[in-house]
Each structure stands twice: as C-alpha cells, then as structure tokens.
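Subject: Structure handover

Hi,

Here is the structure for your set-up work. Please open it alongside this note; my findings follow below.

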Amino acid sequence: MKSPSGERIEELRAHLSGNIVLPGDTNYDEVREIWNAMISRRPAVIVQCASADDVPLAIAFARSNDLEISIRGAGHNIAGNAICNDGLMIDLSGMTKVDVDTGARIARIEPGATLGNIDEATQAHGLALPVGINSTTGIAGLTLGGGFGWLTRKYGMTIDNLLSADLVTAEGEKLHLSEGENSDLFWAIRGGGGNFGVITQFEFSLHPVGPEVLAGLLVFPIAEAKEVMSQFREFVKTTPEELSVWVVLRKAPPLPFLPEEVHGKEVVVLALCHCGDVKEGEKLIEPLYGFGTAYGTHVGVMPFAGWQQAFDPLLTPGARNYWKSHNFTELSDGLFDTIIEYVGTLPSPQCEIFFAHIAGKANRIASDATAYTHRDAQFVLNVHGRWDSPEEDQKCIDWSRAFFDASLPYASAGVYINFMTEEEGDRIAAAFGSNYERLAQVKKQYDPGNVFHLNQNIKT
Ligand SMILES: Cc1cc2nc3c(=O)[nH]c(=O)nc-3n(C[C@H](O)[C@H](O)[C@H](O)COP(=O)(O)OP(=O)(O)OC[C@H]3O[C@@H](n4cnc5c(N)ncnc54)[C@H](O)[C@@H]3O)c2cc1C
C-alpha cells in the first residue's frame, strides 16, 4: 500500500474541518464498509469531509501523492466504486444536511444525505422529491445515474427535478451548475455518473405529496403469475400517473398478513403507491384484487415516508449482492415465461426479480435533454441476486447471469447505470447510448486526465 508520509497527513488534517481515517485506526473497518458485502477494499487514506471546502483539499492531496480517488455518497452502489484499494476515499457520508425552502418548494441537499433524510425533511411540509424506494440509498449516486421510484410516473426522474448543483473539478475549482451556468456540466451530471467532479450540494424542486398516501402489497401464488402479469400489462396502459404498480417475484418473506404456510413459497407481488387523492386511488386499484386469488393483501393509507421504508428490512447492508438489469419498452409473454421459469429455481430465499413501471413524465423528456438517455424505457427490470455466505457466490451469480441472458431477447437496448456491477464495463457504451459522444467531450474538457475514473467510466 502506498502510504503518504505522516507529516503530509498531519498537514492535511490541520486544514480539514472533517476527519482523516487511516488503516489501523479503530474505526477504519467500519468506515470502509459499503452496502454490498461482496466488496471489501482498503484505502490508504479516508477523508471524511465535513464541508464543501474539504473536497478540493482531499483532491489536491490525492493528486500530489499519486493516490487514486474514489467518491462515496451513502455507499449503496452495487458496483462498489465508492471505495478503492490503496487510494484516497473522499467520504461524503457525514454531509447529510437537507434544507427545505417551503415557500419556493426547493430543497438544498448535501451529497451524503440518504433518501430517508430527504423524506423526513420534505414530508414534514407535505412535500417530496421523486427518489428511489429504499430509504438508506444515497441521493448523490442515485441522482448522478438518473433516479426513479414511486413518484417518477407523475413527477419524472430525480434528475428531472434538479435545479442546480455545486461541483469541485479535478483541478479543485468550485463551479455552480445550472441551465444558465456551466450548462454543459449540468447536462452531463444528470445521468453521466461521477465522471466529472465531486458534487458538494444539490438543489431540487419539490412537489406536494401526502404526507399520507395509499400504498401496499397484494401477494398472489406463483401458479397465477402469468395471469397476474398479463393483466398488469393491460392495466398499466391506462392508469393515471399518480398510481405506480411494480411487480416482484420471490419467495414470500414472513409478512404478518400472509398465512404462515405461505412463508418461503414462491409468490408474485404487486407493490403499489398512489400519490394523489386517496378516494380516487381506492377506486383505481380495485381491479388489482381480481388479478388472482390473493394469499394476502396489505393496502391502506399510510405515511409516504413510512412506505419509503417498507422494503428496508429486505435490503439491509451486509449481504452479498449481484445484480443484472434490462430496460423494456413493452412486456412480452416470452419474458413472463422466462421469469416464471427462473423464479422456479431461486438459488437463495433473498433472490428476486422485479420490474418497475416508470412510464409517464420521464418519457416525455427528450433523450438528449439530459445525459440519461433511456427516455423510452417504460419498465426497468432487475434480477437481484442476494445471499449471505461466500460459499453461495457461484450458484447465485450463475443463476442471475443465466436469467439475464435468457431475458435479453425481450429487452430494449440500454441499461440503467445505477444497477450495473463493476464487471459490466462492456455495457457502459449501451448505458450512455446516443449521449456517449457528448459526454466524452465534456469529460475531455473538465477531467482530461481521468482523475475521476472509479465509476461507470467515460473514455475520451
Ligand atoms: C437496496 C438498493 C435499492 C435501490 N433502489 C433504487 C431505486 O429505487 N431507484 C433508483 O433509481 N436506484 C436505486 N438504487 C440504485 C442507487 O441509485 C445506486 O446504488 C446509487 O449509486 C446509490 O448512491 P449512493 O450515493 O448511495 O452510492 P455510492 O456508492 O456512495 O456512490 C456511487 C457512485 O456515485 C458517484 N458519487 C457518489 N457521490 C458522489 C459525489 N458527491 N460526487 C460525484 N460522484 C459521486 C461515485 O462514482 C460513486 O462510486 C438502489 C440501490 C440499492 C443498493
């Protein structure tokens, strides 16, 4: 491991408002943990930033000591690029402030904030930002890749609500990005990942949501999966954008509203959230109950911030995870048959296949308006391989890959960069699609030396 001298470290420490964590420190192992337990790396230096001013100091230190740089928001990304071996990790996870301007319906958010931090601050005022569906995910990585969740059909992707951002370049320059200022970079960070610099603040517009919404789960036997998915396909063609219904296929967790004998059995789940008038929502979702003979349902009026945490118990950190993802413009019978076949051979009780329905506002934005290009995607499918012990690695990874290959013929082109593993370098061009060339030009201008390369990297 390259180790900068103690003297240099002490000099950096003296200028930082945050902390430095080094190998051998008692909290080193805790600080270098990320969500995906498949990835364990040992940085030479971790700079825990406490303010935007710490960021240029960390970048300059890394560069002058020839250390590779990784950037960590909340550390959720499956690829694990937040952490590096022998380099310097810029750790922003302590910068979690969320300021809400209720009059202007704007939130200013630091890059270490989790979606839970954001929901808590915004929902206190009946406002919300469209983000993802797991409260411990970080806003930084989520936004830089695009960001979708329960509110995307109605209010677009997370990037579609970004008003401005502050970024520190590889040269340590602080830039404000918006439609009117450094607009090339503002375009690039909305889907181009962490390629261009370190974001120290995001500014988003918010929408009135809740604080209570109609949400919940309907759980059907796997034997009815084809019927349920076929009816779902028809149903979502006309549902108003306030309503989002996603499909999850997995072994039933021990949910209290399911009979005990169903726990551990393969099931098809409809997960829904309606962000408009509750009475309207209740009418809209009535047909879902007739899609099959439900084992159990748990649907009702609940705090939106609570629904945003509903899946947290299934997505805790510390497990081993391997994902493969496709976009879809339509769902075919062949895809349904393939899904059902692979759900019949789930290699661990935590593995699942889900598809999110995101059609709506995000589709009405031009594919070159932001770096995120997949504006035709109606559904995002993810095969979520998840298990606990390293001995299960091979069988779970093999199953995920085999399903991915078998479902490829039904997918549309492209992939969501936030669902890509570190080994999927060959999919980066497809992930950025027709925007790759323009992204490469922006990269060449602002980071010609590829200082920020631990990401889904854009080559110039
Ligand atoms: C359980 C789970 C559920 C998820 N659900 C959803 C979902 O519903 N919708 C959705 O859209 N996505 C979802 N995701 C994917 C999620 O968007 C990505 O994992 C995202 O990258 C997480 O952001 P983070 O800041 O926590 O990640 P990190 O691992 O900290 O960062 C990811 C990468 O982003 C870059 N980066 C991070 N911070 C900065 C910064 N400040 N400046 C510049 N670059 C930076 C770096 O390249 C870093 O490697 C989910 C992920 C998980 C694990």
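What percentage of the 460 residues in the protein chain is buried? The answer is 59%. Please keep in mind that this is a predicted model.

**Overall picture**

The protein chain holds 14 helices and 18 strands. Its radius of gyration is 22 Å, and the globule rule gives 23 Å for 460 residues; the two are close, so the chain is as compact as a globular protein of that length. The C-alpha trace spans about 70 × 55 × 40 Å along its principal axes.

Contacts reach far along the sequence. Take those between residues at least 6 apart: 74% of them join residues at least 24 apart.

On the surface side, the protein chain exposes about 17400 Å². Carbon and sulfur atoms supply 49% of that area. As for charge, there are 36 positive and 59 negative side chains. The centres of these two sets lie 2 Å apart.

**Helix α4**

Helix α4 covers residues 115-123. Seven of its nine residues are buried, so the rest of the structure largely encloses this helix. The seven are Leu115, Gly116, Ile118, Asp119, Ala121, Thr122 and Gln123. What do they pack against? Three strands and two helices are listed here by name: β5 (98-101), β6 (106-109), β7 (127-128), α5 (139-145) and α10 (304-307).

Ile118 is a good residue to look at within α4. Its relative accessible area is 1%, and a residue counts as buried under 20%, so Ile118 is buried. Setting aside residues up to four places away in sequence, Ile118 touches Val98, Ile109, Ala113, Leu129 and Ile139. For a distance check, try Ile118 and Trp150. They are 32 residues apart along the chain, and their C-alpha atoms are separated by 15 Å.

**Helix α14**

Helix α14 runs over residues 436-446. Its buried residues are Tyr436, Leu439, Ala440, Val442, Lys443 and Tyr446. Why do they sit on the same side of α14? They cover an arc of only 165° around the axis, which puts them there. Note that Lys443 is on the buried list.

The buried residues of α14 pack against β9 (174-178), α7 (183-189) and α13 (428-432). The face turned away from that buried side carries exposed residues: Glu437, Lys444 and Gln445.

**Asn327 and Glu330**

Is Asn327 buried or exposed? Its relative accessibility is 2%, so Asn327 counts as buried. This residue lies in strand β16 (residues 320-328). Leaving out neighbours within four places in sequence, Asn327 is in contact with His374, Ala377, Phe379 and Val380, and also with Ala411, Ser412, Ala413, Gly414, Val415 and Tyr416.

Glu330 sits in the loop between β16 and α11 (333-343). Its relative accessibility is 60%, and the cut-off for exposed is over 50%, so Glu330 counts as exposed. Which distance separates the C-alpha atoms of Glu330 and Tyr410? It is 8.4 Å, although the two residues are 80 apart along the chain.

Best wishes

Methods:
Residues numbered from 1 in each chain as written. Heavy atoms only, no water. Helix = DSSP H or I, 4+ residues; strand = E, 2+ residues; numbered from the N terminus. Rg over C-alpha atoms; globule rule 2.2 N^0.38 Å. Buried < 20%, exposed > 50% of the residue type's maximum accessible area, 1.4 Å probe, protein only. Contact = heavy atoms within 4.5 Å. Areas by Shrake-Rupley, 256 points an atom, 1.4 Å probe, with all protein chains shown as cover. Lys, Arg positive; Asp, Glu negative; His and termini not counted. Charge placed at Lys NZ, Arg CZ, Asp CG, Glu CD. Arc of directions from axis to C-beta.
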